[in-house]
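Student: I am new to this structure. Please take me through one part of it slowly, and then show me what surrounds that part.

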Amino acid sequence: MEKPSVPLNEQARLEELRSLDVLDSQSEPAFDRITRLAQQFFSVPICVISLIDEQRQWFKSCAGLDVTETARDISICAHAILYKDPLVVENALNDKRFADNPLVMGDPNIRFYAGCPITLKSGNRIGTLCLIDHQPRSFNKQEIKALTDFAAIVEREFAIMQLATTDELTLLPNRRGFNSTAEHYLDLCIRHHLKAKLVFIDLDNFKAINDKFGHAAGDRVLKDFAGLLERCCRKADLYARLSGDEFVILFTDLNTSECEAIMQRLLLSFNHSPNSFNKKVELGFSYGIADFSDQQPCSLTKLLAVADGRMYANKAQKKAR
């Protein structure tokens, strides 16, 4: 049996999948309708919407299958997400990658498999819409096109869901998106004995921008700051816009001096950002840092509250000066 390779963009792919907050969720009529309709359309006993997590494939919707997940190592769908186009296996017994796969040798006795990757707007492939039959069968170009059309409907449903976890203005995760992914980050820190730092940020004098120049100008400042976060933070860092002019960053495996270096670089970049407001309104931001320890872990809610409190103390000190 050939184990599936790990995509080159695995970290980003997992982050986006988890930001949807859909893993281990309840069944939803929108997805169940698609699998039932595809099952009927292609006359197959099994149709599944499979999402590829770090160590497993989890089924958001199943038609004709009782289990809800299997190990990723034996997942044919984990092979399918490696390709842009649908993966078709007309007879698994004749395919050296899958001939001795437990899902072929035992339940659900896969012989035919056709899986179309579910691709988000970012390009990340989070899973598949797949068809399974207990008998070998051919699959022509028209059927491949039809499967792709069904997968596009699944992608649209996830796009709608994603709107609920993404800030529409800055395209950063919103509070819901951040909370979902941050919980996974902190679990990872506990399992692998890593420390983390959460930084709560509030822009200074942002209200004056809106009051003097209008909300369009304020929106431009928020978008510019989001761009600076992307440029100044590391690729593995998680950052989000919580609400209004409040942002947050979760750093993992980072010491205090490295964290402060990033924050000072961000502050310097923001103070020298090219805009017409600096001469009339003193732009900047205040921030507070809360430490997360794998030895004495606390909840994300507590971590946010501590960082928020320290941010306000920092802002008060600046006003006093």
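**The largest pocket and its surroundings**

Tutor: The largest pocket holds about 1,100 Å³ of space. Its lining counts 32 residues, and those closest to the centre are Glu16, Ser122, Leu171, Leu172 and Pro173. Keep in mind that this is a predicted model.

Which elements build the lining? At least two residues each come from α1, α5, α8 (215–232) and β8 (238–243). Helix α1 gives the most, with 5 residues.

Now follow α1 away from the pocket. This helix spans residues 10–19 and lies across β1 (46–52) and β6 (125–133). Its direction makes about 115° with that of β1.

Both strands belong to an open sheet of 6 strands. Read across, the order is β3-β2-β1-β6-β5-β4, with antiparallel pairing. The edges are β3 (69–71) and β4 (87–89). Each has a single partner strand, so one side of each has no neighbour in the sheet. On average, neighbouring strands here are turned by 25° against each other, direction ignored.

Take the β4 edge. Its partner is β5 (residues 112–119), joined to β4 by 3 bridges in an antiparallel run. Within this pair, Leu87 stands opposite Gly115 of β5. Helix α5, another contributor to the pocket lining, covers residues 141–163 and packs on the sheet. There α5 touches β1, β4, β5 and β6. The directions of α5 and β5 make about 40°.

Next, look at strand β2, residues 56–63, where Arg56 is found. Is Arg56 buried or exposed? Its relative accessibility is 14%, and buried means under 20%, so Arg56 counts as buried. Its side chain makes a polar contact of 2.8 Å with the side chain of Glu69. Leaving out residues up to four places away in sequence, Arg56 touches Leu23, Asp24, Leu51, Glu69, Thr70, Ala71 and Arg72.

One more pair of strands deserves a look. Strand β7 (residues 196–204) is joined to β10 by 9 bridges, and the two run antiparallel. Asp204 has Gly284 as its bridge partner in β10. Strand β10 covers residues 284–292 and is mostly covered itself, with 8 of its 9 residues buried.

To retrace the route: start at the pocket lining, where α1 gives the most residues. Then step to β1 and β6, which α1 lies across. From there, move out to the sheet edges at β3 and β4.

Methods: Residues numbered from 1 in each chain as written. Predicted model: local features only at pLDDT ≥ 70, side-chain atom pairs only at ≥ 80, totals over all residues. Heavy atoms only, no water. Pairing = 2+ DSSP bridges. Helix = DSSP H or I, 4+ residues; strand = E, 2+ residues; numbered from the N terminus. Axes fitted to C-alpha atoms, helices over the stretch in contact; angles between N-to-C directions. Contact = heavy atoms within 4.5 Å. Buried < 20%, exposed > 50% of the residue type's maximum accessible area, 1.4 Å probe, protein only. Polar contact = N/O pair within 3.5 Å; in protein donor to acceptor, adjacent residues only side chain to side chain. 1 Å grid on protein atoms, 1.4 Å probe; cavity = no way out; pocket = protein on both sides within 12 Å on 5 of 7 lines; lining within 4 Å. Points joined across faces, edges and corners; volume = space filled by probe spheres on them.
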